[in-house]
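Please work through the questions below with the sequence and the model side by side. Each reply reasons from the coordinates towards a single value or name.

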Amino acid sequence: MKSRVILSHRERRDKHNYTQIETTMERKPFDVETTEDHKPYSSVDGGGSDSVDSFDQDQKKLVYRGWKVMPFIIGNETFEKIGIIGTLSNLLVYLTSVFNLKSYTAATIINAFSGTINFGTFLAAFLCDTYFGRYKTLSVAVVACFLGSLVILLTAAVPGLHPTPCGTQSSCQGPTEGQIAFLLMGLALLVVGAGGIRPCNLAFGADQFNPKSESGKKGINSFFNWYFFTFTFAQIISLTLVVYIQSNVSWTIGLSIPVGLMFLACVIFFAGDKLYVKVKASGSPLAGIGHVIAAAIKKRGLKPVKQPWIDLYNHIPHNYANSTLKYTDQLRFLDKAAIMTPEDKLNSDGTASDPWKLCTMQQVEEVKCIVRVIPIWFSCAIYSLAISMQMTYPVFQALQSDRLLGSGGFKIPAATYVVFLMTGMTVFIVIYDRVLVPSLRRVTGLDTGITLLQRIGAGIFFAVLSLLVSGFIEERRRTFALTRPTLGSDPRTGEISSMSAMWLIPQLVLAGIAEAFAAIGQMEFYYKQFPENMKSFAGSIFYVGGGVSSYLASFLISTVHRTTEHSPTGNWLAEDLNKAKLDYFYFMLAGLMFVNFLYFLLMARWYRYKGTHDEVGYVVETVEEDTKQQEDKNSV
């Protein structure tokens, strides 16, 4: 057994105290599926090598085409998002107007459907990273999305697949069991498709860049920005053009557009089949997490070792999948999983005979990476509350504001104002990527301009500003409605304020800027901080966080409504906003978000990025020799 001992950064500067014992480190590169353009380099497939030099030579044979394949990936993403959002964004109206469902029934279906998609991404990520790999998972998902959109289209185009239209009748005939079953089949296909695409598509695109080259690293950083640019652009198109055609022209034509775009997305995605870098699944990453936690609990009574970077068991198997991590002096209770006792036995190849009792320091550090992310993730889930509110309550504000545009009498639909949030995000992404990052790079020396946690923190700060502005704008809107002549009355809400709904744009633009910082920063943060064999999981927890925030939003709204319903100041969330105190609700959310901002700063200060050096002593990399020839080469 040979080891490489490198003294701490401070001692390294002292040439007299510097000691280095050379060895080699063997790690398993990801298996890459064979294409006509390049061979796989994994030693598991027999195409690799046991030496570092041979590994580097094999890695050079891998062709990372980077931006050359982005037209296929981003093109597929754009058309797929327009297709999915175009099908789902107006689904509530479709269920009530075409399927004649009650509002609460349709809302229940939509909420269950949205929650299933968000939490389904976790299952999809597990299957992707464990069994199928990202390319195969995406292949199934894009086809499922196309078929799901086609089924939804058929429910509108075929008279026998939806109830008889109500017309002017006061009572409507509901759907039959067969019609509901056919509709649910389409929704189930969309769950499979969207659940598979969301956690895998971003990671698959990042796979196309060489993470070891400077151009590849910059390409990955820029790719995250442009990925979200296409995402928000697709939302804008869907919420304006597609929804308008569905609501005002024809449901059949309006739903045919997403089907056609989804088919085009499939064609574009499979057209790049021979050019992609296809990372294969590397086994269940959850098993390794379970091993570390179980072993740490079983050995909780052991005393910590004095020099964990040296004394902890750290056998690195041949061809290990993940990058080797340095020891970090955090979450030290997990270190006990790698303390070797006389009862622990090793196999002939140096691996632990019982992985539930003994783990490597490498495995422990990988679990630490995941545990360190959880407090950041929780803060980001709370942040998403602000965006959830900005996607709903401004619509109600717009309904009781002046929505007339110019003197022509054109009235902007209330739901369309949400587009300003997406427009603000889209425009700011371009400014951030092309102006701010290059400028900040010259100041900080970082490729990303600022750190990922600084980017997320900036997003949370803009979310606080957005909520504060929302409170002041709502106070102004209600004051206009109560003290000035109104523009009429809506039978379902109340008097319409003479304040222009354009006053809602600042709060929505600020929310869009917050998303440009925090949402993209989150996705990139999770992708880079999770172990390499959990990249799809990294994508899934972003959407799981969104699902958690949706449930938190529902709980908060119901709690505030129930608490203030009989209060002296009146119901904060009354149906008629002129009688409500929506500005109080916004200010309460701003206070909650500010507390969350302080919590985030505390967690960000504590956080240790993956792969960074510790202030404590030594870094030890231990490896077992493979063959006599390799040992001779190391000695030379």
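Q: In this predicted model, is Phe 269 buried or exposed?
A: Phe 269 is found in helix α8, and, leaving aside neighbours within four places in sequence, its contacts include Phe 72, Asn 76, Val 142 and Phe 204. Its relative accessible area is 0%. Because the cut-off for a buried residue is under 20%, Phe 269 counts as buried.

Q: How far apart in space, C-alpha to C-alpha, are Phe 269 and Leu 138?
A: Leu 138 is among the residues in contact with Phe 269 once neighbours within four places in sequence are set aside. The two are 131 residues apart in sequence, whereas in space their C-alpha atoms are separated by 9.1 Å.

Q: How many aromatic pairs are there, and what is the arrangement of the one that Tyr 135 and Phe 269 form?
A: The count of aromatic pairs comes to 30. In the pair of Tyr 135 and Phe 269, the ring centres are 5.5 Å apart and the planes are at 25 degrees. Because planes under 30 degrees apart count as stacked, the arrangement of this pair is stacked.

Q: Which helices hold Tyr 135 and Phe 269?
A: The pair links distant parts of the chain, its members being 134 residues apart. Tyr 135 counts as buried at 9% relative accessibility. Tyr 135 belongs to the helix of residues 103-157 and Phe 269 to that of residues 251-271, which are α5 and α8.

Q: What is the arrangement of the aromatic pair that Tyr 135 and Tyr 276 form?
A: Tyr 135 lies in helix α5 and Tyr 276 in the loop between α8 and α9 (285-298), so this pair ties together parts that are 141 residues apart in sequence. Both Tyr 135 and Tyr 276 are buried. With 6.0 Å from centre to centre and 55 degrees between the planes, the pair is tilted.

Q: Which residue has its charged end over the ring of Tyr 135?
A: The ring of Tyr 135 takes part in a stacked pair with Phe 269 and in a tilted pair with Tyr 276. A charged end also sits over this ring, 4.2 Å from its centre, and it belongs to Lys 278.

Q: Which element gives the most residues to the largest nonpolar core?
A: The largest nonpolar core has 146 residues, and those that touch the most other members are Tyr 94, Phe 228, Phe 525, Tyr 526 and Phe 585. In the protein as a whole, buried residues make up 53% of the 636 residues. The element that gives the most to the core, with 15 residues, is α5.

Q: Which residues are in contact with Phe 525, leaving aside its neighbours within four places in sequence?
A: Phe 525 is one of the residues that touch the most other members of the largest nonpolar core. With its sequence neighbours set aside, its contacts are Val 373, Ile 376, Leu 452, Leu 453, Ile 456, Tyr 607 and Tyr 609.

Q: How many disulfides does a search of the whole structure find?
A: Cys 145 is in no disulfide, the nearest cysteine sulfur being that of Cys 266 at 8.2 Å, and Cys 145 is buried with a relative accessible area of 0%. Cys 200 is also buried, at 0%, and the nearest cysteine sulfur, that of Cys 128, is 3.4 Å away. Because a disulfide requires sulfur atoms within 2.5 Å, neither cysteine is in one. Over the whole structure the number of disulfides found is zero.

Q: What is the phi of Leu 331?
A: Most residues other than glycine have a negative phi. Leu 331 has its place in the loop between α10 (308-311) and α11 (361-390), and it is buried, with a relative accessible area of 18%. Although Leu 331 is not a glycine, its phi is positive, at about 50 degrees.

Q: What is the relative accessible area of Thr 479?
A: Thr 479 has its place in helix α14 (residues 452-483). Thr 479 and Ser 497 are 18 residues apart in sequence and 8.5 Å apart in space, C-alpha to C-alpha. Thr 479 counts as partly exposed, its relative accessible area being 40%.

Conventions: Residues are numbered from 1 along each chain as its sequence is written. This is a predicted model: local features need pLDDT of at least 70, side-chain atom pairs count only at pLDDT 80 or more; totals for chains, interfaces and linings use all residues. Side-chain values use heavy atoms; hydrogens and water are left out. Buried means under 20% relative accessible area, exposed over 50%, partly exposed in between (1.4 Å probe, protein chains only). Rings of Phe, Tyr and Trp (its six-membered ring) pair if their centres lie within 6.5 Å; planes under 30 degrees apart count as stacked, over 60 as edge-to-face and the rest as tilted. Helices (H or I, at least four residues) and strands (E, at least two) are DSSP runs, numbered from the N terminus. A charge sits over a ring if NZ of Lys or CZ of Arg is within 6 Å of the ring centre and within 35 degrees of the ring normal. A nonpolar core is a set of buried Ala, Val, Leu, Ile, Met, Phe, Trp, Tyr and Cys residues joined through side-chain atoms within 4.5 Å. Contact means heavy atoms within 4.5 Å.
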